[in-house]
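Work through the exercises below with the sequence and the model open. Each task is followed by a solution in steps.

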Amino acid sequence: MGQAVIETQNLTKLYDQKAVVNNLSFTVDAGEIFGFLGPNGAGKSTTMKMLLGLVQPTSGTGKVAGHDIIHDVLEVRKACGVLPDPYGFYENQTAWQNLKFYCELYDIHGKELEEKVNKTLDKVGLHDAKHKKVHKFSKGMKQRLGVAQVIVHDPQVMMFDEPTAGIDPQGAEDFRNLMLEMKAKGKTIFLTSHVMPEVEAICDRIGIIVNGEMKICGNVDQLVEQFSRRQGYQLRLRVKEIDEPVVRNSISGITGISTVARNNGFYVINASEDVSEDVSRAVCRTGGLVTELDVYRPTLNEIFLEVTRPVAAVKE
Ligand SMILES: Nc1ncnc2c1ncn2[C@@H]1O[C@H](COP(=O)(O)OP(=O)(O)OP(=O)(O)O)[C@@H](O)[C@H]1O
Ligand SMILES: [Mg+2]
């Protein structure tokens, strides 16, 4: 484990007596990209706002870059760059002027300011629009400017609330590369997103919250493992040399196997654990040749849907 740059303990927020963030405890280490996922209304933005001192927690504590999120709000904000949802720009000012204003808040002036603003606008693909007023920007252009606003003052911690919502595929690809570049520089990145392949591609660890509670948290492999343990494993097997009854018979005694079906020349085996080694051995023992054997790996999207699926109401 590295050094925790974001940490919360039992962070809770009640609105109208209802917990929208409920006893949330997690850490994000230095240099990590953490994907914070959950359905609409799960409490992601509220959590991010509490981390930044924009919303007062009802109970619980947290630290960002070593600063207390309740008592050291100014220090927390100095350490962070943030893309909130919705973003707030001076619409009547240009992209350049908006970033200039932002740099000045962080005490960056003169030549350094000019260099930083120009370089950042180039990076997010707004070079040609830098002197255009923001109210004339498209949604995706505003989103790009939001990303620029996060990185322009080179903060240690970068937080993005749905950074690629409304961004075109090239912009999304640029964003992913930018995040990996920032990670390589040692930045700590916390982002919310509904774009599962993007999260799967760039995040070191992922947390999924539902109704304000963390349901699952870990790297993608750990999530897959937890999901499979809960949902069962599915193996695909292709065998030569022996016929179906022999195959079925050879694996029939293996503990954990619940069903065996045939599909497109494959045997599809459902099991409560990863029985691939047992299956391979059993088939060989009866003279079969295993030509393919793999364990199905669920996508993050499937894991998300399963974890966030509403539990069916129990009928009295
Ligand atoms: N200021 C507020 N007053 C009362 N309720 C609020 C307030 N802000 C948020 N909520 C409620 O808190 C819950 C969590 O909202 P939040 O914006 O944190 O969700 P989210 O996970 O960011 O969702 P989304 O994916 O739609 O952005 C929702 O039920 C929302 O209605
Ligand atoms: Mg939100």
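**Exercise 1. Find the bridge partner of M159 in β8, then place β7 among its neighbours.**

Step 1. M159 of β7 has F190 as its bridge partner in β8. Helices (H or I, at least four residues) and strands (E, at least two) are DSSP runs, numbered from the N terminus.

Step 2. β7 and β8 pair in the parallel sense, over five bridges. Two strands count as paired if DSSP finds at least two bridges between them.

Step 3. The connection runs from β7 through α6 to β8, a β-α-β crossover that is right-handed. Right-handed here means that, with the strands pointing away from the viewer, the path from the first strand over the helix to the second runs clockwise.

Step 4. β7 also pairs with strand β6 (residues 80–83), again in the parallel sense, over four bridges. In this pairing L83 stands opposite F160 of β7.

Step 5. In a regular strand the side chains alternate between the two faces of the sheet. For β7, V157, M159 and D161 point one way, M158 and F160 the other, and all are buried. Buried means under 20% relative accessible area, exposed over 50%, and partly exposed in between (1.4 Å probe, protein chains only). Because five of the five residues of β7 are buried, the strand is largely enclosed by the rest of the structure.

The model is predicted: local features need pLDDT of at least 70 and side-chain atom pairs pLDDT 80 or more, while totals for chains, interfaces and linings use all residues. Residues are numbered from 1 along each chain as its sequence is written, chains are lettered from A and ligands numbered from 1 in the order in which they are written, and side-chain values use heavy atoms, with hydrogens and water left out.

**Exercise 2. Which strands pair with β9, and in which sense?**

Step 1. β3 and β9 pair in the parallel sense over four bridges. G35 has I206 of β9 as its bridge partner.

Step 2. β9 and strand β10 (residues 213–218) pair in the antiparallel sense over five bridges. Here I209 is matched with M214 of β10.

Step 3. The hairpin of β9 and β10 has two residues between the strands, and N211 takes a positive phi near 50 degrees there.

Step 4. Six of the six residues of β9 are buried. One side carries R205, G207 and I209, the other I206, I208 and V210.

**Exercise 3. Describe three salt bridges and state where their residues lie.**

Step 1. Side chains of opposite charge can pair when their charged atoms come close. The criterion used is a side-chain nitrogen of Lys or Arg within 4 Å of a carboxyl oxygen of Asp or Glu. A search of the whole structure finds 22 such salt bridges.

Step 2. E32 and R205 form one at 2.7 Å, N to O. E32 lies in the loop between β2 (18–29) and β3 (33–37) and R205 in strand β9 (residues 205–210), 173 residues apart. E32 is buried at 10% relative accessible area, and R205 is buried at 17%.

Step 3. D154 and K187 form another at 3.1 Å, N to O. D154 is in the loop between α5 (139–151) and β7 (157–161) and K187 in the loop between α6 (169–184) and β8 (188–192), so the pair ties together parts 33 residues apart in sequence. D154 is partly exposed at 36%, whereas K187 is buried at 9%.

Step 4. R236 and D294 meet at 3.3 Å, N to O. R236 belongs to strand β11 (residues 233–240) and D294 to strand β14 (residues 289–295), 58 residues apart. R236 is partly exposed at 32%, and D294 is partly exposed at 31%. R236, R238, E292 and D294 are linked in a network of salt bridges.

**Exercise 4. Which element gives the most residues to the shell around ligand 1?**

Step 1. The residues surrounding ligand 1 (a heavy atom within 4 Å) include Y15, V20, K44, S45, T46 and H194.

Step 2. Helix α1 (residues 44–51) gives the most, with three residues.

Step 3. An oxygen atom of ligand 1 is 2.5 Å from an N or O atom in the side chain of T46. For the side chain of N40 the corresponding distance is 3.0 Å.

Conventions: A polar contact is a pair of N or O atoms within 3.5 Å; within protein, one must be able to donate a hydrogen and the other to accept it, and residues adjacent in sequence count only if both atoms are side-chain atoms.
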